[in-house]
Amino acid sequence: MIEVDDLVKHYGTTRAVDGMTFTARPGVVTGFLGPNGAGKSTTMRAVLGLDTPTSGTTRVNGKDYRSSAAPLAEVGALLDGRAFDRSRTARAHLRSVGAAVGVGKRRVEEVLDLAGLTSVADRPAGQFSLGMGQRLGIATSLLADPPVVMLDEPVNGLDPDGITWIRTLTRQLADEGRTVLISSHLMSEMEQTADHLVIVGGGRVITDEPMDDLIARTSGGAVHVVSPGASVLAEALGAQGIEVEQDRSDHLLLHGTTAAHVGDLARDLGVAVHELTPRRKSLEQIFMELTADAVTYRSHTDTDAAPAEPTGDSDA
Ligand SMILES: Nc1ncnc2c1ncn2[C@@H]1O[C@H](COP(=O)(O)OP(=O)(O)OP(=O)(O)O)[C@@H](O)[C@H]1O
């Protein structure tokens, strides 16, 4: 478990973290999201004792991480994916970290395999692509089999195969009962990876809740229906006080109801339904709305409704 309690970190006049409180729990993949400069990396560094808080506390499994006797066996962290000697091979790098933390060669081979690096294990890490470097960083973080894993932007530089690998790996780590805290800017990816979200802006928590709750809460209970009997359905639903939008003769958009209710009503009325879809907002849309006031660095071409990333799932 990672506990962050009223954490404050000032750099001169910059309030990098301004009263951050949240808990990342075991068995759950917690997504740590926020615009550039929101304070995510500073918080992660504070948890690892790499930054001294101005005030507030952080704890790992109930203790101050700085007092840990075996820190790498307690938290596996990826903060800077390129933090290794570039002239060393991946295998030599892992063996040297392994020797420092009391982990043998067999475990090195296991994490090389886990990270998909076995075939390039004897190449100098300096020749690695950004994605391979990320894989090596993650392999290093898992060497000592830690119960807590904290990854800052792990999918940076990874190709689709690597992104899928991170998704599967983080799920597996959480299913094994580990605490997994992962920051990312890729919302469509986080939507598929995280169970729980801590969204931050301006050094503070904006929302801290399960992903499904956040999406349901902010999507407003809309349902999309395609039916040859749309008008009959629209009349019956309207009579129940449900707000109905009919944009095409056979398409309805309903607000303040559920797919189950509409499906049951259609059955009672003997109306065929060809599509019945709860409308959910994409995490990208929700993130943009929640953090609009907290964005420090915004390009001049940004618009209010501009999911930059194709999610393909916004209205599914
Ligand atoms: N060592 C430092 N010295 C001075 N200012 C810093 C330092 N580290 C971070 N900051 C500032 O603190 C704020 C928070 O930075 P931080 O890197 O924690 O944000 P972040 O959410 O991780 O951002 P990003 O998504 O861009 O990585 C920023 O304004 C940043 O410029």
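1. Helix 1 is followed by G49, a residue with positive phi, near 75°. The model is predicted, and this backbone angle is a value computed from it. The helix itself covers residues 40-47.

2. Helix 1 is mostly covered, with 7 of its 8 residues buried. The buried set consists of K40, T42, T43, M44, R45, A46 and V47. Note that K40 and R45 are both in that set.

3. The ligand shell draws on the same helix. Around the ligand stand Y11, T14, A16, G34, N36, G37, A38, G39, K40, S41 and T42. Helix 1 gives the most to this shell, with 3 residues. Strand 2 (14-24) and helix 1 are the elements that each supply at least two shell residues. By class, the shell divides into 3 nonpolar, 7 polar and 1 charged. K40 is thus worth reading twice: K40 belongs to the ligand shell and is also buried. T42 likewise appears both around the ligand and among the buried residues of helix 1.

4. Strand 2 also takes part in a sheet. Here 3 strands form an open sheet in the order 2-1-4, with antiparallel pairing. Strand 2 and strand 4 (55-60) stand at the edges with a single partner strand each, so one side of each has no neighbour in the sheet. On average, neighbouring strands of this sheet are turned by 20° against each other, direction ignored.

5. Within that sheet, 5 bridges join strand 1 (residues 2-11) and strand 4 in the antiparallel sense. In this pairing V4 stands opposite T58 of strand 4. Helix 1 packs on the sheet and touches strand 1, strand 2 and strand 4. The direction of helix 1 makes about 115° with that of strand 1. Helix 1 therefore has two roles in this description, since helix 1 packs on the sheet and contributes 3 residues to the ligand shell, while 7 of its 8 residues are buried.

6. Strand 6 (residues 148-152) is the next element to check. Because 5 of its 5 residues are buried, strand 6 is largely enclosed by the rest of the structure. The cover extends to both faces: V148, M150 and D152 are buried on one side, V149 and L151 on the other. D152 should not be overlooked in that list, as this residue too is buried.

7. Strand 6 has parallel partners. Strand 5 (residues 75-78) is joined to strand 6 by 4 bridges, and the two run parallel. Strand 6 and strand 7 (residues 179-183) are joined by 5 bridges, again running parallel. M150 takes part in both pairings: A77 has M150 as its bridge partner in strand 6, and M150 has L181 as its bridge partner in strand 7. From strand 6 the chain crosses through helix 6 (residues 160-175) to strand 7, and this β-α-β crossover is right-handed.

8. A last point concerns P210, which lies in strand 9 (residues 204-210). Is P210 buried or partly exposed? P210 has 15 other C-beta atoms within 10 Å, so P210 is partly exposed. Leaving out residues up to four places away in sequence, P210 touches D195 and H196. P210 and G31 are 179 residues apart along the chain, and their C-alpha atoms are separated by 9.8 Å.

Key: Residues numbered from 1 in each chain as written. Predicted model: local features only at pLDDT ≥ 70, side-chain atom pairs only at ≥ 80, totals over all residues. Near = placed C-beta within 6 Å. Nonpolar A, V, L, I, M, F, W, Y, C, P; charged D, E, K, R; others polar. Buried ≥ 20, exposed ≤ 12 C-beta atoms within 10 Å, placed from the backbone. Pairing = 2+ DSSP bridges. Right-handed = clockwise from strand over helix to strand, strands pointing away. Axes fitted to C-alpha atoms, helices over the stretch in contact; angles between N-to-C directions. Contact = placed C-beta atoms within 7 Å.
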